[in-house]
Amino acid sequence: MVEQEDFAEALRDAIRRRGVTLTWLREHLADSGNPVSAATLSYWRSGARRPEGAQSIAAIEQIEQLLRLEAGTLVSRIGRSQRVGPLPSAQYPLEAARLEKTVSETFAALGAPAIDPARDVSTTSVTEVGADGAVISRTTRTLLQSTSGTITSVPYLEITAGVRSPAPIYSVIAGGRISDVYSHPGGEVHGAMFELERPLGPAQTTMLEWSLTLPDGFPLPHETGHGIARRARELVLWTRFHPDALPDWIDEIEECPDGTTVTPLHLDGATSVHQVRQNWGPGMLALRWGYGPRP
């Protein structure tokens, strides 16, 4: 990576200008209470590795002093951590798990693994509801991260469990393009493959923004949601109702491995509802609304 090479080059130049050796650095770091092995210093200088964690950053700050550099000269070149950190095994969102065979076949038809190696680090999904009270479209903006290997594309599915539905219309706003779409013969699962603008290496991130438009007669007009297969830092759903179609009742549905929770929500004079989850998943977060008495 450019940041990693930039850091290593700056460290090499600073050591050369100061006229010291790695052994000298190691000894002075140890004397100042920031011990670093000779091997680690060598990795940092060559660019094979870069500092990770608070202790290593403290050592770099001490190195800046030892090499008579301005504060931040090296630290600013380290860049963001590339460690993904420990992640639990990916799981289908609950709704997808009920259709595991169908979902797997859809992933296969799109050329994707059964559980793709990307995760939604942060997602904001905005649903627009029309004057008839039905969903018009949903726009999703996601910060994606590769959990392993290098990925060039990611799949997303629209699922109507137990109900046949026509294929929605996918489109990319920014961050990639649609390389394939597929609707399972059963009519309950539809998917699209999004090819990213650039390959995503291990732990790297990128942004993808896309929209989904529902055709007339879609069987679940009063429902929206988003499912994730791995824990996400943040998930935000914002459902915006037409002022002429404010619902009489609204339910939030949260489906997680340990069960389903339904919570009544209220507009309280507003025309929209937002749902927020942090450090949450896997699971499905949805919103359902209606007109007249609650069934």
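**Exercise 1.** Is the crossing of α2 and α3 right-handed or left-handed?

*Solution.* The model is predicted, so that local features need pLDDT of at least 70 and side-chain atom pairs count only at pLDDT 80 or more, while totals for chains, interfaces and linings use all residues. Residues are numbered from 1 along each chain as its sequence is written, and side-chain values use heavy atoms, with hydrogens and water left out.

Step 1: helices (H or I, at least four residues) and strands (E, at least two) are DSSP runs numbered from the N terminus; α2 covers residues 22-31, and α3 covers residues 38-46.

Step 2: with axes taken as lines fitted to C-alpha atoms, for helices over the stretch in contact, and angles running from 0 to 180 degrees between N-to-C directions, the two axes come within 10 Å and cross at roughly 120°.

Step 3: α2 and α3 are therefore oblique to each other, given that angles under 35 degrees count as roughly parallel, over 145 as roughly antiparallel, 65 to 115 as roughly perpendicular and the rest as oblique.

Step 4: the crossing is right-handed, a term for the near helix being turned clockwise from the far one by less than a right angle, whereas anticlockwise would make it left-handed.

Step 5: the contacts (heavy atoms within 4.5 Å) bring Leu 22, Leu 25, Arg 26 and Leu 29 of α2 together with Ala 38, Leu 41, Ser 42 and Arg 45 of α3.

**Exercise 2.** Which residues have the most contacts inside the largest nonpolar core?

*Solution.* Step 1: a nonpolar core is a set of buried Ala, Val, Leu, Ile, Met, Phe, Trp, Tyr and Cys residues joined through side-chain atoms within 4.5 Å; buried means under 20% relative accessible area, exposed over 50%, and partly exposed in between (1.4 Å probe, protein chains only).

Step 2: the largest such core has 23 residues, and Val 154, Phe 194 and Phe 241 have the most contacts inside it.

Step 3: β6 gives the most to this core, with four residues.

Step 4: apart from this core lies another, of 20 residues, among them Val 20, Leu 41, Leu 74 and Ile 78.

**Exercise 3.** What is the order of the strands in the open sheet of three strands?

*Solution.* Step 1: the order is β3-β6-β5, with antiparallel pairing, where two strands pair if DSSP finds at least two bridges between them.

Step 2: β3 and β5 (176-183) stand at the edges, each with a single partner strand, so one side of each is left without a neighbour in the sheet.

Step 3: eight bridges join β3 to β6, and the partner of Val 154 in β6 is Phe 194.

Step 4: helix α6 (residues 100-109) packs on the sheet, where it touches β3, β5 and β6, and its direction makes about 140° with that of β3.

**Exercise 4.** How many of the residues of β10 are buried?

*Solution.* Step 1: in strand β10 (residues 249-256), eight of its eight residues are buried.

Step 2: Trp 249, Asp 251, Ile 253 and Glu 255 point one way, while Ile 250, Glu 252, Glu 254 and Cys 256 point the other way.

Step 3: β10 is joined antiparallel to β13 by seven bridges, with Ala 286 in β13 as the bridge partner of Ile 253.

Step 4: seven bridges also join β10 to the antiparallel strand β11 (residues 259-265), in which Leu 265 stands opposite Ile 250, and β10 and β11 form a hairpin with two residues between them.
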